[in-house]
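Look at the sequence and the 3D structure below. The paragraphs that follow go through the structure part by part.

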Amino acid sequence: MLNNAGVRTIMVALSCLCGLVAASAYAEQPRQQQLYDDAELARTRGSSEEAGKILAGMNEGYWSAVGYLNLSGDYARNDLNPSRALVALRVALAMADKDADAERKAALRSRILLRAGYLAYKSSEYEKALGFFEKIPLDSHKTPQALYFHGLVLAEQGNHRAAMQSWHRAKKYPLRTWRCRCLDCHGAGLRSFWLSGAGGRGLSGS
């Protein structure tokens, strides 16, 4: 049996080991951010392929998720078909799920889901779009935009009553939350919708 000295020795060794693991994880964060910066430099220079290779070598987590989110924007602008952008967004979601910061992860997931839903909507993949929008939590900062586009999808499907319900719910959010910088749809359109009262008029049937 171990005596007290032996137990203390083991506890000290375990403590040191845990400290080394934590220090290693902490030290890895700047490296991941640097790799993200390298990928962004390649991407902004027009080399999506090089950026993709850098991102593929990164660890799962926040920085790789943001990198794939940005890469999806390039694909969406350059490709007639949104499939490559949607694949990048699905990868971004998988990367984001590994972020240890729960609040940051939730915010990033909402950004990714909103963009994915918008791309699916623009390509007339309405069921897929609804699936993305409906995964955004109601307490997310992206909820007003998600409800707005959710209504547009439902309207395209001929479900006008449900569409008006989505717009009515969206109108309950303050105007300051209607910021839409991650989409190509321009936030001005969302702002005009809010100011016009379109959602309210539609719900009342007038």
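The largest pocket of this predicted model holds about 220 Å³ of space. Its lining is made up of 13 residues, and those closest to the centre of the pocket are Gln-29, Gly-61, Tyr-62, Asp-99 and Arg-104. Two elements, α1 (4–44) and α3 (62–78), give two or more residues to this lining. Of the elements, α3 gives the most, with three residues. Sorted by class, the lining of the largest pocket has three nonpolar, five polar and five charged residues.

Now take the chain as a whole. The protein chain has 10 helices and zero strands. Read from the N terminus on, its elements run α-α-α-α-α-α-α-α-α-α. The chain has 206 residues, of which 41% count as buried. If we take the contacts between residues at least 6 apart in sequence, 55% of them join residues at least 24 apart.

Which residues have the most contacts inside the largest nonpolar core? They are Leu-89, Leu-108, Ile-112, Tyr-121, Phe-133, Phe-149 and Val-153, in a core of 48 residues. The elements that give two or more residues to this core are α1, α2 (48–56), α3, α4, α5, α6, α7 and α8 (160–170). The most comes from α5, with nine residues.

Helix α4 covers residues 83–96. At 1.5 Å a residue its 14 residues should span 20 Å, and this agrees with the model because the end C-alpha atoms are 20 Å apart. The buried residues in α4 are Ala-85, Leu-86, Ala-88, Leu-89, Ala-92, Leu-93, Met-95 and Ala-96. Among the elements that cover these buried residues of α4 are α3, α5 (102–122) and α6 (126–133). Leu-89 is thus a buried residue of α4 and one of the residues with the most contacts inside the largest nonpolar core.

Helix α5 has 21 residues, and from its first C-alpha to its last it reaches 30 Å, close to the 30 Å expected at 1.5 Å a residue. Its buried residues include Leu-108, Ile-112 and Tyr-121, which are also among the residues with the most contacts inside the core. Other buried residues of α5 include Ser-110, Arg-115 and Gly-117. Against which elements do the buried residues of α5 pack? They pack against α3, α4, α6 and α7. For a single residue, consider Tyr-121: leaving out residues up to four places away in sequence, Tyr-121 touches Tyr-126, Ala-129, Phe-149, Leu-152, Val-153 and Glu-156.

The loop between α5 and α6 contains Ser-123 and Ser-124. Ser-123 counts as partly exposed because its relative accessibility is 27%, a value between the 20% limit for buried and the 50% limit for exposed. Ser-123 and Pro-82 are 41 residues apart along the chain, and their C-alpha atoms are separated by 7.1 Å. Ser-124, with a relative accessibility of 46%, also counts as partly exposed. Although Ser-124 is not a glycine, it has a positive phi of about 65 degrees.

The next loop, between α6 and α7, is the place of Lys-135. Is Lys-135 buried or exposed? Lys-135 is exposed, because its relative accessible area is 53%, and exposed means over 50%. Along the sequence Lys-135 is 18 residues from Gly-117, and in space the two are 9.9 Å apart, C-alpha to C-alpha. Gly-117 itself is one of the buried residues of α5.

Helix α7 takes up residues 143–156. This helix has 14 residues and reaches 20 Å from its first C-alpha to its last, close to the 20 Å expected at 1.5 Å a residue. Why is α7 described as largely enclosed by the rest of the structure? The reason is that 12 of its 14 residues are buried. These buried residues are Thr-143, Pro-144, Gln-145, Ala-146, Leu-147, Tyr-148, Phe-149, His-150, Gly-151, Leu-152, Val-153 and Leu-154. Of these, Phe-149, Leu-152 and Val-153 are among the residues that Tyr-121 touches. Just after α7 comes Gly-158, which takes a positive phi of about 85 degrees.

Methods. Residues are numbered from 1 along each chain as its sequence is written. This is a predicted model: local features need pLDDT of at least 70, side-chain atom pairs count only at pLDDT 80 or more; totals for chains, interfaces and linings use all residues. Side-chain values use heavy atoms; hydrogens and water are left out. Helices (H or I, at least four residues) and strands (E, at least two) are DSSP runs, numbered from the N terminus. The expected span of a helix is 1.5 Å times one less than its number of residues. Buried means under 20% relative accessible area, exposed over 50%, partly exposed in between (1.4 Å probe, protein chains only). On a 1 Å grid over the protein atoms alone, a cavity is a set of points where a 1.4 Å probe fits but cannot get out, and a pocket is an open set with protein on both sides within 12 Å along at least five of seven lines; lining residues have an atom within 4 Å of a point. Grid points are joined across faces, edges and corners, and a volume is the space filled by probe spheres set on the points. Ala, Val, Leu, Ile, Met, Phe, Trp, Tyr, Cys and Pro count as nonpolar, Asp, Glu, Lys and Arg as charged, and the others, Gly among them, as polar. Contact means heavy atoms within 4.5 Å. A nonpolar core is a set of buried Ala, Val, Leu, Ile, Met, Phe, Trp, Tyr and Cys residues joined through side-chain atoms within 4.5 Å.
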